[in-house]
Amino acid sequence: MTAPPYVHGYSTREAARLANQANTLSGLLHHDTLYPPGARVLECGCGTGAQTVHLAANSPQARIVSIDLSPASVEQAKARVRAAGYGNVAFQVADLFNLPFDEGSFDHVFICFVLEHLPAPVEALRLLKRVLRPGGSITVIEGDHGSWYCHPQTLEASRTVQCLVEIQARLGGNSLIGRRLYPLLAEAGFRRACVSPRMVYVDASRPELVEGFSKNTFIAMVEGVRQQALSLGLIGEQVFDKGIADMYRATAPGGTFCYTFFKGMGTK
Ligand SMILES: C[S@@+](CC[C@H](N)C(=O)[O-])C[C@H]1O[C@@H](n2cnc3c(N)ncnc32)[C@H](O)[C@@H]1O
């Protein structure tokens, strides 16, 4: 199975960025995801396992099955989880639009930073609902690039971030999907949908977030589309580079950075 191209790609740099993101934000995003002993959990779109290690750590007796479309990512995820010493995760290369599981196979589904890349997120949620048992839960985590702002903010920085939003949209995704989680869960037929915003606020008094989130997660992600943005003619080179430099300036003392993730839950 070959994974289709997607906005962030499958490079080593991107794998490191995803790991940084997961490790820096594990408290904010994972502290309330705890599955009981024996629970059958499907993690959909595990990538290189950046979130998988946190799932496995928080629910060491749950039986987790982690799938991804990319065979190379699944191999990396396997190695990461093995190196972290967790034995409660099985891996499989699989497409969420063609899930190799019977109806009702899982008690819980976890999906993080995947819907934003899909042209048909409601269909994806419906297919995931099928493999849940009645009463089972889904947990969805997404960002929303429209929720980003910083100080000092410049027009060039905003235009640079907008390039990522535009490129992802052209590839059929939606990087503003966080604000849509509740309607998506409701449209897919989940009951008791509930969404909580998780804001990351960074200033110089939080150096671990300056490095782990502002620089190595967010700016790294925007920098990653430089070539695509320039080749598509979305922006001039100088404006893009100034936008990135301005974002770095907002990570220096005197600057601040804000971004909101959204965590949604629903029941079948
Ligand atoms: C941004 S990565 C997120 C990976 C991981 N959840 C994390 O947060 O680090 C999105 C992942 O979704 C996977 N993906 C995209 N479409 C998929 C599909 N139809 N079925 C399974 N995985 C898919 C990609 O291969 C990629 O690894």
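Here are legends for four close-up views of a predicted model.

**View 1. The ligand and the residues around it.**
Start with the ligand, which has 19 residues around it. Tyr-10, Gly-45, Asp-68, Asp-95 and Cys-112 come nearest. Sort the shell by class and you get 13 nonpolar, four polar and two charged residues.

**View 2. Polar atoms facing the ligand.**
Now look at the ligand's nitrogen and oxygen atoms. A polar backbone atom of Gly-45 sits 2.8 Å from a ligand nitrogen, and a polar backbone atom of Leu-69 is 3.3 Å from a ligand nitrogen. On the side-chain front, an N or O atom of Gln-51 lies 3.1 Å from a ligand oxygen. How much of the ligand does the protein bury? On its own the ligand exposes 600 Å², and 96% of that is buried by the protein.

**View 3. His-30, a partner of Gln-51.**
Gln-51 turns up again here: its side chain and that of His-30 share a polar contact of 2.7 Å. His-30 belongs to helix α2 (residues 26–30). Is His-30 buried or exposed? Its relative accessibility is 1%, so His-30 counts as buried. Beyond its neighbours within four places in sequence, His-30 touches Leu-25, Gln-51, His-54, Leu-55, Asn-58, Phe-110 and Lys-263.

**View 4. Two nonpolar cores.**
The largest nonpolar core holds 46 residues. Trp-148, Phe-213, Phe-218, Met-247, Phe-257 and Phe-261 have the most contacts inside this core. Helix α8 (residues 207–223) is the top contributor to it, with seven residues. A second core, separate from that one, has 30 residues, among them Leu-125, Leu-181, Leu-184 and Ala-188. In soluble globular proteins, nonpolar side chains tend to be buried together.

Notes:
Residues are numbered from 1 along each chain as its sequence is written. This is a predicted model: local features need pLDDT of at least 70, side-chain atom pairs count only at pLDDT 80 or more; totals for chains, interfaces and linings use all residues. Side-chain values use heavy atoms; hydrogens and water are left out. A residue is near a molecule or strand if one of its heavy atoms lies within 4 Å of it. A polar contact is a pair of N or O atoms within 3.5 Å; within protein, one must be able to donate a hydrogen and the other to accept it, and residues adjacent in sequence count only if both atoms are side-chain atoms. Accessible areas come from the Shrake-Rupley method with a 1.4 Å probe; for residues, only the protein chains shown count as cover. Ala, Val, Leu, Ile, Met, Phe, Trp, Tyr, Cys and Pro count as nonpolar, Asp, Glu, Lys and Arg as charged, and the others, Gly among them, as polar. A nonpolar core is a set of buried Ala, Val, Leu, Ile, Met, Phe, Trp, Tyr and Cys residues joined through side-chain atoms within 4.5 Å. Buried means under 20% relative accessible area, exposed over 50%, partly exposed in between (1.4 Å probe, protein chains only). Helices (H or I, at least four residues) and strands (E, at least two) are DSSP runs, numbered from the N terminus. Contact means heavy atoms within 4.5 Å.
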